[in-house]
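Me: I'd like to learn how to read the inside of a protein model. Can you walk me through it?

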Amino acid sequence: MEEINLGLKIKKFRIEKNLNLKELSEMIGSTSALLGQIEKGITNPSINTLKNISLALEIPLYKFFLGEDSKKSSIVRANERKIIKTPKEIGISYELLSPEPQTNIEFMLLTLEQNSKSSDKEIGHEGEEVAFILEGEVNLNLEGEIVTLYKGDSIKIDRLTKHSWENIQSEVAKVIFAITPPKF
C-alpha cells in the first residue's frame, strides 16, 4: 500500500493559497509549531486536524490522498489503498476506499484496535455520513448519547452532528463509512 506524505501535500496546498504557517495555524486553531512539524513529516495530523486544514484551505479531504500520478480508473486495489495512521491516536487507522479522483463522496474504512477511540472529543463535520459496521462492536458517542452498533448495523449521521467512535471490545472493529464533502 502506498504511503502518503501528508505534510508535503499540506505545505503545497498552503503555499498555493498564499498562506504562511502562522496564518493557517490560526485558521485551524492550532500552533504554527505543530503545523510546521506536520509539514516536515515529524508528526502526522489527527483526522480532525486534517479536516480543519481541508476546510481552511478549501480543499476537499480526498485531495490529500491523491498520488502524484493519479490514475483515471475507478478501481482501487486492496494493496493500493491510501492509509492514514496517526501515532497520536494509537490503534486507529483510516483507509481511503474511494477511487481517484473522487469529488462527490469520500469512502473510508476505519479500523479500531481493542480499547481505542477515534477522538477524545466528539467532532462534527460539514458532510453527511453513513456508516456500516463490518466487523466487531462499537460504541458511537452521538452528541452525548452512547449508541452500541453491532456487525451488520448501519447508521446515518447528519451534517454537523458531533460524534466519535469507540471500540471497547477485545477484538478489532472495522467501520466502513461514506462522507459527503463540504461544499466550498
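Reply: Sure, names come first: helices (H or I, at least four residues) and strands (E, at least two) are DSSP runs, numbered from the N terminus. This is a predicted model, where local features need pLDDT of at least 70 and side-chain atom pairs count only at 80 or more, while totals for chains, interfaces and linings use all residues. Residues are numbered from 1 along each chain as its sequence is written, and side-chain values use heavy atoms, leaving out hydrogens and water.

Me: How many cavities of 30 Å³ or more does a search of the whole structure find?

Reply: A cavity is a set of points on a 1 Å grid over the protein atoms alone where a 1.4 Å probe fits but cannot get out. Here the search turns up two of 30 Å³ or more. The largest has a volume of about 140 Å³, and the second largest holds about 40 Å³. Points are joined across faces, edges and corners, and volume is the space filled by probe spheres set on them.

Me: Which residues lie nearest the centre of the largest cavity?

Reply: Lining residues have an atom within 4 Å of a point. The largest cavity has 14 of them, with Lys 51, Tyr 94, Ser 118, His 163 and Trp 165 nearest its centre. α4 (47-57), β9 (163-167) and β10 (173-179) each give at least two residues to that lining.

Me: And what lines the second largest cavity?

Reply: Ile 47, Lys 51, Leu 61, Tyr 94, Glu 106, Met 108, Phe 177 and Ile 179. At least two each come from α4, β3 (106-112) and β10.

Notes:
On a 1 Å grid over the protein atoms alone, a cavity is a set of points where a 1.4 Å probe fits but cannot get out, and a pocket is an open set with protein on both sides within 12 Å along at least five of seven lines; lining residues have an atom within 4 Å of a point.
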